[in-house]
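Good morning, and thank you for coming. Please look at the sequence and the structure as they come up, and I shall go through the fold step by step.

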Amino acid sequence: MASAPARWFVVMDADLQDPPEAIPDLVACARQSGVTVFAARRGRYERPDRLVTSRLFKTVLCWISGVPVDVGTFFVVSGEIAAAMCLVRVRSPQVVVLAYHTSRECHPLAVTRATRASGTSAYSSLARVRAAVRSISCAVACRRASGAAAPHPSLHLPCIAERVNV
């Protein structure tokens with residue numbers, strides 16, 4: 001993102017559980033609204049035990065940062081937001097948290113997520129815990145930098161980009 005000049009960026013996990021076919025709809029929504037558009041995950045795409053722990057983590061992250069519980073690493077941001085995300089300096093950067101906190105406004109777009117066609121997740125239980133800690137650390141740093149007592153979806157770009165420098 002830091003080195004690619006673009007008006008819009010699509011960010012997604014490489015495991016293809018998020019359908020690439022949804023990209024045109026996400027981009028169209030972002031262009032029409034002019035804001036960050038997150039794919040709001042729908043469907044049964046994880047084992048029950050992983051789904052429970054994921055929802056628990058997403059609920060805690062939502063309490064801390066306001067990031068909606070049904071979003072993941074599948075979203076579209078403008079070049080302006082991408083540039084602001086690259087300016088944020090935190091010890092534990094997490095792309096979803098940074099996109100949410102550097103965006104003036106976010107829209108969800110429902111996207112059905114498929115179950116894994118083959119193989120297993122590369123994320124072990126320990127890797128999932130580490131990712132959760134990184135996300136929560138990033139959310140706490142962004143919240144502190146915003147000076148907000150509670151999460152606020154309309155944070156301004158300079159607020160985060162200039163004040164988060166851990």
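I begin with β1 and β3, which pair in the antiparallel sense over 5 bridges. Within this pairing, F9 has V77 in β3 as its bridge partner. Please bear in mind throughout that this is a predicted model.

Helix α1, residues 23-33, packs on the sheet and touches β1, β2, β3 and β4. The direction of α1 makes about 140 degrees with that of β2. Helix α3 also packs on the sheet, where it touches β1, β2 and β3. Its direction makes about 115 degrees with that of β3.

Let me now set these elements in the whole chain. The protein has 6 helices and 4 strands. Read from the N terminus, the elements follow the order β-α-β-α-β-α-α-β-α-α. Of its 166 residues, 42% count as buried. Among contacts between residues at least 6 apart in sequence, 76% join residues at least 24 apart.

In what order do the strands of the open sheet stand? The order is β1-β3-β2-β4, and the pairing is mixed. At the edges stand β1 and β4, each with a single partner strand, so one side of each has no neighbour in the sheet. On average, neighbouring strands are turned by 20 degrees against each other, direction ignored.

I turn next to strand β2. It spans residues 36-42, and 6 of its 7 residues are buried, so the strand is largely enclosed by the rest of the structure. With β4, residues 106-112, β2 pairs in the parallel sense over 7 bridges. There, R41 has V111 of β4 as its bridge partner. With β3, β2 pairs in the antiparallel sense over 3 bridges, and A40 stands opposite V71 of β3. As a general reminder, the strands of a sheet pair through backbone hydrogen bonds, in either a parallel or an antiparallel manner.

One residue of β3 deserves a closer look, namely T73. Is T73 buried or exposed? Its relative accessibility is 16%, and because the cut-off for buried is under 20%, T73 counts as buried. Leaving aside neighbours within four places in sequence, T73 is in contact with V11, M12, D13, D18, R41, V95 and V96.

This brings us to the nonpolar interior. The largest nonpolar core holds 25 residues, and F38, F75 and V77 touch the most other members. The elements that give two or more residues to this core are β1 (8-12), α2 (48-65), β3 (71-78), α3 (79-87), α4 (95-102) and α5 (125-146). Apart from this core lies another, of 10 residues, including W8, A22, V27 and A39. To return to F75, its contacts, not counting residues up to four places away in sequence, are F9, V10, V11, V37, F38, V95, V96 and A99.

Next I consider the helix pair α3 and α4. These two helices pack at an angle of about 120 degrees, and their axes are 9 Å apart. Their crossing is right-handed. On the α3 side, the contact is made by I81, A84 and M85; on the α4 side, by V95, L98, A99 and T102.

M85, in helix α3, has a relative accessibility of 5% and counts as buried. Which residues does M85 touch, not counting residues up to four places away in sequence? They are M1, V77, V95, L98, A99 and T102. M85 and V95 are 10 residues apart in sequence, and their C-alpha atoms are 7.9 Å apart in space.

Finally, a word on the cysteines. A disulfide is a covalent bond between the sulfur atoms of two cysteines. How many disulfides are counted in this model? The count comes to 0. As for exposure, C86 is partly exposed, with a relative accessible area of 25%, and C106 is likewise partly exposed, with a relative accessible area of 23%.

To close, I return to three points. The sheet is open and has 4 strands with mixed pairing. Helices α1 and α3 pack on the sheet. The largest nonpolar core takes two or more residues from each of several elements, among them β1, β3, α3 and α4. Thank you for your attention.

Definitions and conventions: Residues numbered from 1 in each chain as written. Predicted model: local features only at pLDDT ≥ 70, side-chain atom pairs only at ≥ 80, totals over all residues. Heavy atoms only, no water. Core = buried A, V, L, I, M, F, W, Y, C linked by side-chain atoms within 4.5 Å. Buried < 20%, exposed > 50% of the residue type's maximum accessible area, 1.4 Å probe, protein only. Contact = heavy atoms within 4.5 Å. Disulfide = S-S within 2.5 Å. Pairing = 2+ DSSP bridges. Axes fitted to C-alpha atoms, helices over the stretch in contact; angles between N-to-C directions. Left-handed = near helix turned anticlockwise from the far one by under 90°.
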